Each structure stands twice: as structure tokens, then as C-alpha cells.
Amino acid sequence: MDFKNPINEYYHYIVYTLLTIVLLYILLLTSFSKSNNFALYPSQPTKTFNMKMYGDELEEALVGASTEDKMVIIAIVNKAYVEGDKPMLDIFLDGFWLGEGTDDLIKNLLIVAMDQMSYRRCKFLHLNCYKLETDGVDFVGEKLYMSKDFIKMMWRRTRFLGDVLKRGYSFVFTDTDVLWLRNPFTNLSHNKSIDLQISSDNFNGNEWSKANPINTGFYMIRSNNKTIALFDSWYAKKDNSSGLKDQDVLQKLIRGREFRNLGFKLRFLDTVYFSGFCQNSKDVKAVVTVHANCCRRISAKMADLTAVIHDWKRFRRATLNETLRFQWTPHDHCRDSWRN
């Protein structure tokens, strides 16, 4: 008579059950991966166009810095802006610390680093940081104004910012040679029908006049179909614009038929509030930002922006009579930078 061992039967049952579970899990996992290549983002298809380029580190960085309505402040740096005893990035951050109503805006600031050194410096300062891949192009050192490398770097910036718009994020772009002395959102229009609000080197008095010369060192732009189309058209002209920087190309676009056909609404920012070295603000009690434009070298920008910080501190502790007599320190280093 043949007796079955109950222990062996139990053991076989357990083994068969586990194997069945493993096989089912593998089949389900394979099926899921084939039908859901980007399943983490099923409801936001606009992100998939550049995920190979940025992975998902960019999305993580944007989420970490943006407001609830997907507005973020973006600045781009490289090694030249983080090296030295008092680098440009530190001067830029001093504006947030010393300005009126600006310190809390740091949490919405995303620093985009174009090399490893500037990225490490950003992380050391505990800021929101993202390292931009630069397609093998060296953007490490100072790029002299209007040099070939400077123009390449500006176009890479344009491409990146266009991709941010495609992800559904509106932003304020700021060069790091712009001091934020007051919260700019109090002087930027909250009217959502305005697609772009941009600074000007020399404001002509009419905020809707396309005769104003633009400056892409400070602007606020909303993410929509019109702004995405503008950035696509802008970047597409890169290879047919020899000798022109991206700002020059955008200026031509703004004054052309293609721009009008988009139904684009553009507002130019008054230099009383959004000023620069090209055209000083005439009212220190109203000035919001000071841009070291009309300047050729980083060292000159840093010297004259340091003088602006001293002027700002002097204004903050001044009596009423002293305020009435206030004048900005001349931007001598930037003026002289064009002679070399």
C-alpha cells in the first residue's frame, strides 16, 4: 500500500503557488511597461517632448521652485558668475536680502547652472538648482559681450526657456546682473491677457510702443500657445541670424508681421521702475530693479552693481532732505569697459 507524505504535498503546494505568483507578476509588469511608456505623466503630454533631453530632473526643479499657479523666477549662471571673492551670483542674492519685500521670493528662484562648478556653488547656497546640459559646448568661462561663444550661450538659453514654457510654466527671467531692490510683482501687471512684459534699454514713455528697444535681461512671460509659438519661431531663426544675438532677433520679430499674426500682447516696462545703466531710474523711491546693461565685462558690472548696493543702503538710512538730493553713483567701470 502506497502512503503519501503530507509534508511533501504541503511543500510542493507552496512552491507551485509561489511560482505562479511570480509568473503572473512578470506578465503583468511586461504588459504595463509596453502600454505605459510615460505612465508617470499621463495627463501632461506636453512634457514628453523633451524628457529625453532633460530626464525628469527639470520637472522636479520647476515644481520645487514654482508657485501654486506655476510661476517661477529663473536665472542662469556659469563658472564666471560664481568665482572670486565676491562673485556676481552673491551680489545678485544681496539684492534679495537688502531689497524691500524680496527676501521671501528666494523660494521661487530657480538657478540654472551651465557647468558643474556653478551647480555646486548653487547647491552649497541651498538654493533651488538645476544643471543644464549644454550639448558638449563649453559655457564655463566669461563670454565677452557679442563674442561667438556669447551668442551661442544666449541661444542655448532661449531654447531652454522655450522648453520651460512648453511644460506649462510661466516665469520671470532675470539676468544675475539685475539687482532686485523691491518686489517686482507689485509693478508687473496681473492681467493674464498680457503675454509678455519686458524691460527696455531706453523707455520712450509708451508701454505699448514697439519702438521701445527690448532687453531680454528681465521679463515676465506667460505659458500659452502664443508664447510657445513665439519662442519656437525665435529659436528657428538661430542659424539664419549670423552676427546677431538672440535679443536682436526677437526685436526684429516683435516689429514684424509674424508677431502681429500671433495676436500677441506685449507690454514694455518703464525704466522709472525697471531701470538699468543704459537709463537710470529718476526716482529711487519707486525703482524696482537695476540692471547692469550697457556694460561689456563681468568685472565692470560687479564693481558698478556694488556701488548701486551702497547707494541703496545710503538711501535707506537717509533723511527726507537727503533723499530729495539723491543721485546714483556714475557707472564708470561699465563706461570704461567699452574702451578695452
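This report covers the nonpolar cores, the disulfides and one small sheet of a predicted model.

## Nonpolar cores

The largest nonpolar core holds 49 residues. Within this core, F92, I111, V172 and W180 touch the most other members. Six elements are listed as giving two or more residues to the core: strand 1 (71-77), helix 4 (88-98), strand 2 (109-113), strand 5 (178-180), strand 7 (214-221) and helix 10 (298-316). Of these, helix 10 contributes the most, with 8 residues.

A second core lies apart from the largest one and has 41 residues. Among its members are W234, V249, L250 and I254.

## Surroundings of W180

With residues up to four places away in sequence left out, W180 touches I73, F92, G95, F96, G99, T102, L105, V172, T174, F218, V288 and T289. Two of these contacts, F92 and V172, are named with W180 among the core residues that touch the most other members. T289 in strand 10 is also the bridge partner of W180.

## The sheet 5-10-9

Strands of a sheet pair through backbone hydrogen bonds, in either a parallel or an antiparallel sense. Here, 3 strands form an open sheet with the order 5-10-9 and mixed pairing. Strand 5 and strand 9 are the edge strands, each pairing on one side only. From one strand to the next, the twist averages 20°.

The pairing of strand 5 with strand 10 is antiparallel and runs over 3 bridges. Strand 5 also belongs to the elements that give two or more residues to the largest core.

## Disulfides: count and pattern

A disulfide is a covalent bond between the sulfur atoms of two cysteines. The model has 3 disulfides. When the bonded cysteines are counted along the chain, the pattern is 1-2, 3-4, 5-6.

## C122 and C129

C122 is joined to C129 with an S to S distance of 2.0 Å. The torsion about their S-S bond is about -95°, so this disulfide is left-handed. C122 and C129 are both buried.

## C278 and C294

The sulfur atoms of C278 and C294 are 1.8 Å apart and form a disulfide. Its S-S torsion is about 100°, and the disulfide is therefore right-handed. The pair links distant parts of the chain, 16 residues apart. C278 sits in the loop between strand 9 (274-276) and strand 10 (289-291), while C294 sits in the loop between strand 10 and helix 10.

C294 has a relative accessible area of 42%. This value falls between the cut-offs of 20% for buried and 50% for exposed, so C294 counts as partly exposed.

## C295 and C334

The disulfide between C295 and C334 has an S to S distance of 2.1 Å. The torsion about the bond is about -80°, which makes this disulfide left-handed. C295 lies in the loop between strand 10 and helix 10, and C334 lies in helix 12 (residues 332-337), so the pair ties together parts 39 residues apart in sequence.

Both ends of this disulfide are buried. The relative accessible area is 5% for C295, and the relative accessibility of C334 is 1%. The loop between strand 10 and helix 10 thus holds C294 as well as C295, the former partly exposed and the latter buried.

Key
Residues numbered from 1 in each chain as written. Predicted model: local features only at pLDDT ≥ 70, side-chain atom pairs only at ≥ 80, totals over all residues. Heavy atoms only, no water. Core = buried A, V, L, I, M, F, W, Y, C linked by side-chain atoms within 4.5 Å. Buried < 20%, exposed > 50% of the residue type's maximum accessible area, 1.4 Å probe, protein only. Helix = DSSP H or I, 4+ residues; strand = E, 2+ residues; numbered from the N terminus. Contact = heavy atoms within 4.5 Å. Disulfide = S-S within 2.5 Å. Pairing = 2+ DSSP bridges. Axes fitted to C-alpha atoms, helices over the stretch in contact; angles between N-to-C directions.
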